[in-house]
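Work through the exercises below with the sequence and the model open. Try each task before reading its solution.

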Amino acid sequence: MAKDSCLARITAGVAVGGAVGGAVGAVYGTYEAIRFKVPGLMKIRFIGQTTLGSAAVFGLFLGAGSLIHCGKSY
């Protein structure tokens with residue numbers, strides 16, 4: 001397996017993880033902001049922090065999983 005192919009897989013894993021994490025984080029952040037009755041424009045900040053945090057975590061784990069799978073030859 002070529003090195004650039006492995007790098008492409010890891011990049012794709014991070015991108016997909018970030019997208020999925022961002023979507024989940026946005027939904028969860030919106031739910032929590034409504035549940036805790038966050039006032040006014042603080043809702044936008046709360047939802048944004050939840051979205052970015054969730055996207056970073058999911059992207060990290062999917063990227064790490066892709067890195068682990070890169071070393072395996074089936």
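## Exercise 1: Ser54

Ser54 counts as buried, at 16% relative accessibility. The model used here is a predicted one.

**Task.** Place Ser54 in its element and find which residues Ser54 touches, not counting residues up to four places away in sequence.

**Solution.**
- Step 1. Locate the residue. Ser54 sits in helix α2.
- Step 2. Apply the cut-off. Buried means under 20% relative accessible area. At 16%, Ser54 is therefore buried.
- Step 3. List the contacts. With residues up to four places away in sequence left out, Ser54 touches Gly21 and Gly25.

## Exercise 2: Overall form

**Task.** How many helices and strands does the protein have, and is the protein compact or spread out?

**Solution.**
- Step 1. Count the elements. There are 2 helices and 0 strands.
- Step 2. Compare the radius of gyration with the globule rule. The radius is 16 Å, and the rule gives 11 Å for 74 residues. The value is well over the rule, so the protein is more spread out than a compact globule.
- Step 3. Check the dimensions. The C-alpha trace spans about 50 × 20 × 10 Å along its principal axes.
- Step 4. Look at burial. Of the 74 residues, 26% are buried.
- Step 5. Look at the surface. About 5,300 Å² is exposed, and carbon and sulfur atoms supply 74% of that area.
- Step 6. Look at contact range. Take contacts between residues at least 6 apart in sequence: 72% of them join residues at least 24 apart.

## Exercise 3: The disulfide

**Task.** Find which cysteines are joined by a disulfide, and decide whether Cys6 is buried or exposed.

**Solution.**
- Step 1. Recall the chemistry. A disulfide is a covalent bond between the sulfur atoms of two cysteines.
- Step 2. Search the whole structure. The search returns 1 disulfide.
- Step 3. Name the pair. Cys6 is joined to Cys70, with an S to S distance of 2.2 Å.
- Step 4. Place both ends. Cys6 belongs to helix α1 (residues 3–35) and Cys70 to helix α2 (residues 42–70). The two are 64 residues apart, so the pair links distant parts of the chain.
- Step 5. Check burial. Cys6 has 18% relative accessibility and counts as buried. Cys70, at 11%, also counts as buried.

## Exercise 4: The salt bridge

**Task.** Which residue forms a salt bridge with Arg35, and how are the two placed in the helix?

**Solution.**
- Step 1. Recall the principle. Side chains of opposite charge can pair when their charged atoms come close.
- Step 2. Count the pairs. The structure has 1 salt bridge.
- Step 3. Name the partners. Arg35 pairs with Glu32, and their closest N and O atoms are 3.3 Å apart.
- Step 4. Read the spacing. Both lie in helix α1, 3 residues apart, so about one helical turn separates them.
- Step 5. Check burial. Glu32 counts as buried, at 6% relative accessibility.

## Exercise 5: The loop between the helices

**Task.** Decide for Lys37 and for Val38 whether the residue is buried or exposed.

**Solution.**
- Step 1. Place Lys37. Lys37 is in the loop between α1 and α2.
- Step 2. Read its accessibility. At 71%, Lys37 counts as exposed.
- Step 3. Inspect the backbone. Lys37 is not a glycine, yet its phi is positive, about 55°.
- Step 4. Turn to Val38. Val38 also lies in the loop between α1 and α2. Its relative accessible area is 15%, so Val38 is buried.
- Step 5. List its contacts. Leaving aside neighbours within four places in sequence, Val38 contacts Ala33 and Lys43.

## Exercise 6: The annotated spans

**Task.** Which residues does the UniProt annotation "transmembrane region" cover, and how far apart are the end C-alpha atoms of residues 12–31?

**Solution.**
- Step 1. Read the record. The unreviewed UniProt entry annotates residues 12–31 and 51–70 as "transmembrane region".
- Step 2. Examine residues 12–31. The span is 100% helix and 0% strand, and its end C-alpha atoms lie 29 Å apart.
- Step 3. Examine residues 51–70. The chain there is 100% helix and 0% strand, with end C-alpha atoms 28 Å apart.

## Exercise 7: Distances along the chain

**Task.** What separates the C-alpha atoms of Ala23 and Thr51, and those of Ile44 and Val24?

**Solution.**
- Step 1. Take Ala23, in helix α1. Ala23 counts as partly exposed, at 45% relative accessibility.
- Step 2. Read the first distance. Ala23 and Thr51 are 28 residues apart along the chain, and their C-alpha atoms are 7.2 Å apart.
- Step 3. Take Ile44, in helix α2. Ile44 is exposed, with a relative accessible area of 58%.
- Step 4. Read the second distance. Ile44 and Val24 are 20 residues apart along the chain, with 16 Å between their C-alpha atoms.

Terms used
Residues numbered from 1 in each chain as written. Predicted model: local features only at pLDDT ≥ 70, side-chain atom pairs only at ≥ 80, totals over all residues. Heavy atoms only, no water. Disulfide = S-S within 2.5 Å. Buried < 20%, exposed > 50% of the residue type's maximum accessible area, 1.4 Å probe, protein only. UniProt positions renumbered as here; feature names shortened; annotations may be inferred. Rg over C-alpha atoms; globule rule 2.2 N^0.38 Å. Contact = heavy atoms within 4.5 Å. Areas by Shrake-Rupley, 256 points an atom, 1.4 Å probe, with all protein chains shown as cover. Salt bridge = Lys/Arg side-chain N within 4 Å of Asp/Glu carboxyl O.
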